[in-house]
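This report considers how the interior of a protein is assembled and how one of its helices is placed. Please look at the sequence and the structure before reading on.

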Amino acid sequence: MNTSVVICVYTEERWEDIRQAVESVENQTRPAHELILVVDHNPDLHLKLKREYPQAIVVENTHEQGLSGGKNTGVATANGEIVAFLDDDAVADPGWLEALEEGFQEPGVVGVGGRTDPLWASGRRPSWFPYEFDWTVGCTYRGMPAVRAPIRNVMGGNAAFLRDAVSEVGGFHSGIGRSVQGRKSRPLGCEETEFCIRLSQRKPGSVMLFEPRAVIGHKVSRQRERFAYFRSRCYAEGLSKALVTREVGTQDGLSSERAHAMKTLPLGALRGVGEALRGDLGGLGRAAAIVIGLAWTTWGYVVGSVRLKVAREGAGS
């Protein structure tokens with residue numbers, strides 16, 4: 001099987017990040033079939049990238065502005081049997097592609113996600129930041145499998161799918177994940193969650209696989225290391241989850257979240273308190289952040305659900 005790698009980009013401010021992401025793809029032990037850079041409605045960046053990377057396929061997003069449109073453009077452009085996505089502010093380990101491709105050798109697998117480790121801009125993890133909430137910075141979090149295992153959904157910045165399977169179910173839906181407006185206001189997400197659930201619903205027997213050997217490092221800016229961002233990201237996740245459940249139903253849309261909230265988060269809070277009693281005062285901060293993060297995510301979900309209900313009732317009147 002061969003793999004097309006897609007990197008969606010949108011701003012010149014990430015030029016150095018883009019360079020490092022491209023370089024990491026070019027240094028893979030198993031070379032990509034092709035590298036596709038999808039530029040999100042930024043003509044200047046598009047021209048600059050075409051000049052800088054003649055070896056890559058550089059295209060403009062032909063769909064609605066935002067990450068979902070960029071991914072759909074990448075899939076439509078790709079010729080590989082597999083389409084792998086890498087964030088524009090991430091760097092892939094040399095064995096990343098090889099590990100992703102090996103995951104597709106298992107029966108029924110249509111999507112494979114890898115392990116994403118945070119690269120903190122400050123050089124160290126904030127002492128208050130709970131591992132259970134690493135998803136707020138786009139990284140693998142405590143509660144996910146430690147070994148290769150089926151999961152409900154993969155994380156979009158480190159994932160690969162069978163190209164035909166993506167096309168069969170209509171690609172990624174806009175209006176859930178980050179649009180240009182979302183980048184400027186609330187840090188929304190979940191477009192890959194909705195897509196994976198929809199794919200599994202429409203193609204029974206499909207398997208999403210977590211492969212921890214497919215490793216990337218995801219850069220976490222100083223702004224995202226702050227508690228204000230953490231809280232905002234949790235609230236935005238709740239809003240996004242309300243949209244997801246509208247599309248795929250509450251049972252599938254919240255199955256993983258219920259397990260995480262009922263088991264992993266209480267254990268994490270207790271662990272933080274225990275670590276504080278053993279002298280790690282950051283444990284109290286982590287325990288408090290878990291409680292606040294869960295509360296803000298839940299509140300976002302409630303607000304998002306009410307807004308959708310009001311909108312439906314308004315449309316029906």
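## Nonpolar cores

A nonpolar core is here a set of buried Ala, Val, Leu, Ile, Met, Phe, Trp, Tyr and Cys residues joined through side-chain atoms within 4.5 Å. The model is a predicted one, and in the largest such core, which has 38 residues, Phe161, Phe195 and Met208 touch the most other members. Leaving aside neighbours within four places in sequence, Met208 is in contact with Val110, Gly111, Ala149, Pro150, Ile151, Arg152, Val154, Phe161, Cys196, Leu199 and Ser200. Apart from this core lies another, of 32 residues, which includes Ile18, Val25, Ile82 and Phe104.

## Helix H11

Helix H11 comprises the 35 residues 282-316, and because a rise of 1.5 Å a residue leads to an expected span of 51 Å, the 51 Å that separates its end C-alpha atoms agrees with that expectation.

Among the buried residues of H11 are Gly282, Gly283, Arg286, Ile290, Gly293, Thr297, Gly300, Gly304 and Leu308, and the buried residues of this helix pack against helix H8 (227-248) and helix H10 (255-277). Val310 also lies in H11, and together with Trp299, Val302 and Val306 it makes a nonpolar surface patch of about 380 Å².

## Arg231 in helix H8

Arg231 is placed in helix H8, and it counts as partly exposed because its relative accessible area is 34%, a value that falls between the 20% limit for buried and the 50% limit for exposed residues. From Pro150, Arg231 is 81 residues away in sequence and 29 Å away in space, taken from C-alpha to C-alpha.

Terms used
Residues numbered from 1 in each chain as written. Predicted model: local features only at pLDDT ≥ 70, side-chain atom pairs only at ≥ 80, totals over all residues. Heavy atoms only, no water. Helix = DSSP H or I, 4+ residues; strand = E, 2+ residues; numbered from the N terminus. Expected span 1.5 Å × (residues − 1). Buried < 20%, exposed > 50% of the residue type's maximum accessible area, 1.4 Å probe, protein only. Contact = heavy atoms within 4.5 Å. Patch = residues over 30% accessible without salt bridge, like charges linked within 9 Å, V, L, I, M, F, W, Y side chains within 5 Å. Areas by Shrake-Rupley, 256 points an atom, 1.4 Å probe, with all protein chains shown as cover. Salt bridge = Lys/Arg side-chain N within 4 Å of Asp/Glu carboxyl O.
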